[in-house]
Amino acid sequence: MKSNQTKSLYFNILFLSVCLLTLSCSWDRFVISRVNESTIVKAKAAKELLDKDKITIVLTGTGSPLPSESIQNSTAIFVNGQFLVFDAGDGVAMAMEKLNLPVSEITSVFITHFHSDHFADLGEVIDRSWLLGRQKPLTIHGPKGISDLVNGFLKSYQSEFYYRTKHHGDAVMPSQWKGAKTNEFAPKSDGSSKIVYEKDGVIVYAFYVNHVPVEPAVGYRLEYKGKSIVISGDTADSEFLKKQSFGADYLISEVMNKSMIAKIETAYDSINNSRLSKIMKDIQLYHIDAFELGNLAEEAKVKTLVLTHMIPFVSGYVQTKAIYKDPIQKVYHGDLIIGHDGKRIEIPLP
Ligand SMILES: [Zn+2]
Ligand SMILES: [Zn+2]
């Protein structure tokens with residue numbers, strides 16, 4: 001009897017060991033295949049985006065400071081093998097990784113102004129690009145104040161940078177490439193633009209926009225091989241934006257439906273929430289209304305208008321049509337793209 005029990009125990013142990021070994025082998029195979037798969041997917045995405053025969057715009061964040069399902073404002077542009085980022089609102093660093101963008105290839109970030117929905121994730125963009133293998137300088141371009149902002153981030157990331165290199169070693173995490181440098185410029189207040197970036201035929205101009213009392217605030221115009229892309233930044237309806245958008249292939253613009261925001265203002269008023277009512281009133285002063293944007297794009301002969309930073313955020317065909325599409329298309333006859341996070345636009349080059 002005792003001998004039978006011992007045999008059964010041995011058998012059970014043997015059976016369990018075989019099961020564990022099989023399970024462990026299949027886990028090994030699973031992990032190896034997932035790592036391979038993800039590496040192949042990322043390499044393929046990077047190759048496509050860094051392809052020099054086209055420009056690719058990726059709307060990495062189309063949100064605003066108001067709560068929504070979207071990442072805060074940011075736009076990635078891949079041009080002539082360069083990865084340029086315009087604004088870096090909250091959540092964009094992780095969003096770029098989820099979209100398989102080659103974050104270690106970022107060479108320049110352009111900040112439009114110092115509202116946090118445009119720079120909150122700048123520290124993460126600087127840090128993650130380095131952690132993921134950036135071995136080239138990163139420059140943060142922006143109007144006066146950008147150096148203070150970047151230096152603040154660099155100071156708060158000091159320990160993070162130190163621990164990473166100490167743990168993984170300088171060969172893996174070279175301290176030479178941590179952080180970022182800045183290119184601070186003063187936009188011209190007469191509406192003309194100035195070159196703030198020029199590399200291998202890619203030129204980025206900055207121009208002043210009206211987002212008073214936020215000063216300075218700028219928009220950017222990128223040009224390459226006869227193609228032009230304008231990023232509005234945050235702005236009220238303005239002659240400056242119209243002038244700089246003239247003939248643009250793409251105008252990527254913020255937009256507000258002011259009659260909707262006015263309704264929200266009245267609703268807060270009706271429940272005696274004077275604080276939120278005042279905020280809703282104030283924000284209408286420094287953003288561009290959908291109808292105004294339609295007019296501006298039509299008069300500037302913009303070929304394709306792309307909406308981002310939509311206030312209020314809406315989703316679904318019916319709402320989007322009523323709040324943005326209809327008022328814009330009343331006056332604008334070019335192509336209209338209602339942006340959403342992850343939207344890609346490819347521009348073939350001649
Ligand atoms: Zn904003
Ligand atoms: Zn703003």
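This passage walks through a predicted model of a single chain, from its overall make-up down to one pair of packed helices.

Starting with the whole chain, the secondary structure adds up to 10 helices and 14 strands. The C-alpha trace covers about 95 × 50 × 45 Å when laid along its principal axes. Of the 350 residues, 38% are buried. Contacts between residues far apart in sequence carry a good share of the fold: among contacts with a separation of 6 or more, 65% join residues 24 or more positions apart.

As for annotation, an unreviewed UniProt entry lists residues 71-271 as "domain: Metallo-beta-lactamase". In the model, that span is 29% helix and 29% strand, and its end C-alpha atoms sit 30 Å from each other.

Helix α5, which runs over residues 158-168, is hardly covered, with zero buried residues among its 11. Right after α5 comes G169, whose phi is positive, at about 90°.

Further along the chain, helix α9 (residues 290-299) packs with helix α10 (residues 317-329). Two packed helices are described by the angle between their axes and the distance between the axes. Here the angle is about 40° and the axes are 8 Å apart. An angle of that size falls outside the parallel, antiparallel and perpendicular ranges, so α9 counts as oblique to α10. The crossing of the pair is right-handed. On the α9 side, the contact is made by A290, F291, L293 and G294, which meet Y324, P327, I328 and Q329 of α10. Sorted by type, the residues of this contact come to six nonpolar and two polar, with no charged ones.

How values were computed
Residues are numbered from 1 along each chain as its sequence is written. Chains are lettered from A and ligands numbered from 1 in the order in which they are written. This is a predicted model: local features need pLDDT of at least 70, side-chain atom pairs count only at pLDDT 80 or more; totals for chains, interfaces and linings use all residues. Helices (H or I, at least four residues) and strands (E, at least two) are DSSP runs, numbered from the N terminus. A residue is buried if 20 or more other C-beta atoms lie within 10 Å of its own, exposed if 12 or fewer, and partly exposed in between; C-beta atoms are placed from the backbone. Two residues are in contact if their C-beta atoms, placed from the backbone, lie within 7 Å. UniProt positions are given in the numbering used here, feature names are shortened, and annotations may be inferred rather than shown by experiment. Axes are lines fitted to C-alpha atoms, for helices over the stretch in contact, and angles run from 0 to 180 degrees between N-to-C directions. Angles under 35 degrees count as roughly parallel, over 145 as roughly antiparallel, 65 to 115 as roughly perpendicular and the rest as oblique. A crossing is left-handed if the near helix is turned anticlockwise from the far one by less than a right angle, and right-handed if clockwise. Ala, Val, Leu, Ile, Met, Phe, Trp, Tyr, Cys and Pro count as nonpolar, Asp, Glu, Lys and Arg as charged, and the others, Gly among them, as polar.
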